[in-house]
Number of protein chains: 2
Amino acid sequence: MGVAERKEREKEELREQILTAAKSLFLKKGVEKTSIRNIADLIEYSPGSIYHYFKDKDEIFYALHQGGFQQLMAKMVVINDLPHPLERLKAMGSIYVHFALENPDMYDLMFIKEAPLDHVARTKALEWNEGEATFKFLRSTLRECMDQGYFQGQEEEALSFLIWSTVHGMVSLSIRRRCEVVLADRQDTIVKDGLDAFFNILDRL
Amino acid sequence: MGVAERKEREKEELREQILTAAKSLFLKKGVEKTSIRNIADLIEYSPGSIYHYFKDKDEIFYALHQGGFQQLMAKMVVINDLPHPLERLKAMGSIYVHFALENPDMYDLMFIKEAPLDHVARTKALEWNEGEATFKFLRSTLRECMDQGYFQGQEEEALSFLIWSTVHGMVSLSIRRRCEVVLADRQDTIVKDGLDAFFNILDRL
DNA sequence: AATATAATTGAACAGTGTTTAATTACAAAA
DNA sequence: TTTTGTAATTAAACACTGTTCAATTATATT
């Protein structure tokens with residue numbers, strides 16, 4: 001009687017195969033330049049098959065995008081060892097920046113590209129749990145800092161957004177290559193230096 | 001004998017027509033979803049014609065992208081009226097953010113999309129004069145602030161990058177719609193509030 | 001062995017960017 | 001005015017894209 005279960009398992013396996021193939025192609029050639037036919041060729045199925053597992057190309061994109069947040073969150077948990085909330089906040093920033101620079105294509109998928117949130121918008125905007133969880137984690141850490149007297153006269157939500165924006169700004173300018181011309185001589189250190197300057201400012205507040 | 005000049009003028013006019021049509025379509029439908037055939041239809045020429053004026057779609061994109069910087073710089077010059085350098089710095093931030101939110105598609109072209117700098121990379125990375133000029137303007141303003149004793153213990157270049165990243169981060173998260181879910185209740189004020197918090201921090205340094 | 005169901009396919013549709021051979025327009029020379 | 005040469009314009013073609021769908025194949029149940 002376990003035949004339905006086996007079929008379910010096989011279906012899940014092929015779904016996973018599609019995602020693996022799509023991921024490797026997306027990260028290698030970019031989302032736009034990867035076609036459904038490319039993915040189909042790699043897993044040796046016909047293009048039409050893919051549409052039995054995913055509604056459209058965006059749904060594949062979105063499924064991968066979720067995995068990225070799990071990766072990021074997994075790296076974040078180590079900060080729980082740090083007793084001081086401001087140290088935790090800074091560690092979060094470091095982890096965020098390192099994740100982005102080590103996985104620029106995944107970061108691009110998660111925070112820069114427009115497709116995934118068009119998908120979210122279509123599915124009634126209730127699905128970006130991953131992004132929400134990450135932001136809430138930042139907010140609660142900042143809350144603890146403020147409870148200990150840091151950042152007085154500031155408002156938690158706006159300041160959280162500002163901090164997120166700062167690290168996002170640095171890595172996204174770097175990933176989308178706006179530093180290459182403007183900061184040609186220190187391309188590869190500017191994000192680290194910017195982050196240090198940021199931590200310096202946080203310490204002084 | 002002015003026939004060559006007239007022909008030159010007519011050629012330039014058609015080039016301008018293509019750019020105007022492309023701009024209106026890019027801003028209305030997005031770059032990706034605007035086809036060469038769409039542009040050709042709008043100016044009532046054949047698709048092939050366009051390739052006598054522009055090497056490819058990217059070259060059209062890049063030509064428009066240059067115009068955006070001229071717009072932004074034109075708005076920036078008004079800050080020269082402000083005598084205090086820190087006020088000038090903050091005014092630059094406001095102008096930058098307002099420009100981005102009022103012309104999100106143009107901002108997208110200039111600072112978020114990947115295409116224009118791929119073009120720059122191909123043309124040996126020496127062409128992003130526009131972006132460079134804008135950044136130099138920020139640096140010189142920050143220099144003046146530091147000369148008057150602000151931001152002590154910071155390094156000019158890294159801090160310039162950090163400031164640019166902060167405003168870029170806020171507007172790009174907004175433009176690429178990462179606030180909608182995470183900050184649903186104050187979507188339309190969060191960038192302004194974030195900017196105020198930023199100015200508040202700058203004042204305290 | 002026949003039937004029902006689910007998975008898979010290939011062909012088709014309407015679109016894309018780009019190239020090119022052929023055509024048209026038009027100023028200069030005969 | 002007619003011919004010639006050149007530059008602008010075009011239609012057609014190429015190789016692709018995402019997506020749909022009728023037809024086929026495979027497989028489990030009766």
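No disulfides were found in the predicted model, the count over all chains being 0. A disulfide is a covalent bond between the sulfur atoms of two cysteines. Two cysteines of chain B were examined for solvent exposure. B:Cys145 has a relative accessible area of 0% and is therefore classed as buried, the cut-off being under 20%. B:Cys179, with a relative accessible area of 4%, is likewise buried because this value also falls under 20%.

Chain A was divided by the domain assignment into domain 1, comprising residues 1–54, and domain 2, comprising residues 57–204. The C-alpha centres of these two domains of chain A are separated by 30 Å. Their contact involves 15 residues from domain 1 of chain A and 11 residues from domain 2 of chain A.

The second largest pocket encloses about 160 Å³ of space. Its lining is made up of 13 residues, of which A:Glu16, A:Leu19, A:Ala63, A:Leu64 and A:Gly67 are the closest to the pocket centre. Two elements of chain A, α1 (3–29) and α4 (57–76), give two or more residues each to this lining. The greatest contribution is that of α4(A), which supplies 7 residues. In chemical character, the lining of the second largest pocket comprises 4 nonpolar, 6 polar and 3 charged residues. Because residues of both domain 1 (1–54) and domain 2 (57–204) of chain A take part in the lining, the second largest pocket lies between these domains.

In chain B, the surroundings of a single isoleucine were analysed in further detail. B:Ile39 belongs to helix α2 of chain B, which spans residues 36–43. The relative accessibility of B:Ile39 is 0%, so this residue counts as buried. When neighbours within four places in sequence are set aside, B:Ile39 is in contact with B:Ile18, B:Ala21, B:Ala22, B:Leu25, B:Thr34, B:Ile50 and B:Ile60. The C-alpha atoms of B:Ile39 and B:Gln17 lie 9.7 Å apart in space, with a separation of 22 residues in sequence.

Taken together, the analysis of chain A places the second largest pocket between domain 1 and domain 2, with α4(A) giving the most residues to its lining. In chain B, B:Cys145, B:Cys179 and B:Ile39 are buried.

Methods
Residues are numbered from 1 along each chain as its sequence is written. Chains are lettered from A and ligands numbered from 1 in the order in which they are written. This is a predicted model: local features need pLDDT of at least 70, side-chain atom pairs count only at pLDDT 80 or more; totals for chains, interfaces and linings use all residues. Side-chain values use heavy atoms; hydrogens and water are left out. On a 1 Å grid over the protein atoms alone, a cavity is a set of points where a 1.4 Å probe fits but cannot get out, and a pocket is an open set with protein on both sides within 12 Å along at least five of seven lines; lining residues have an atom within 4 Å of a point. Grid points are joined across faces, edges and corners, and a volume is the space filled by probe spheres set on the points. Helices (H or I, at least four residues) and strands (E, at least two) are DSSP runs, numbered from the N terminus. Ala, Val, Leu, Ile, Met, Phe, Trp, Tyr, Cys and Pro count as nonpolar, Asp, Glu, Lys and Arg as charged, and the others, Gly among them, as polar. Domain bounds come from an automatic or database domain assignment. A disulfide is a pair of cysteine sulfur atoms within 2.5 Å. Buried means under 20% relative accessible area, exposed over 50%, partly exposed in between (1.4 Å probe, protein chains only). Contact means heavy atoms within 4.5 Å.
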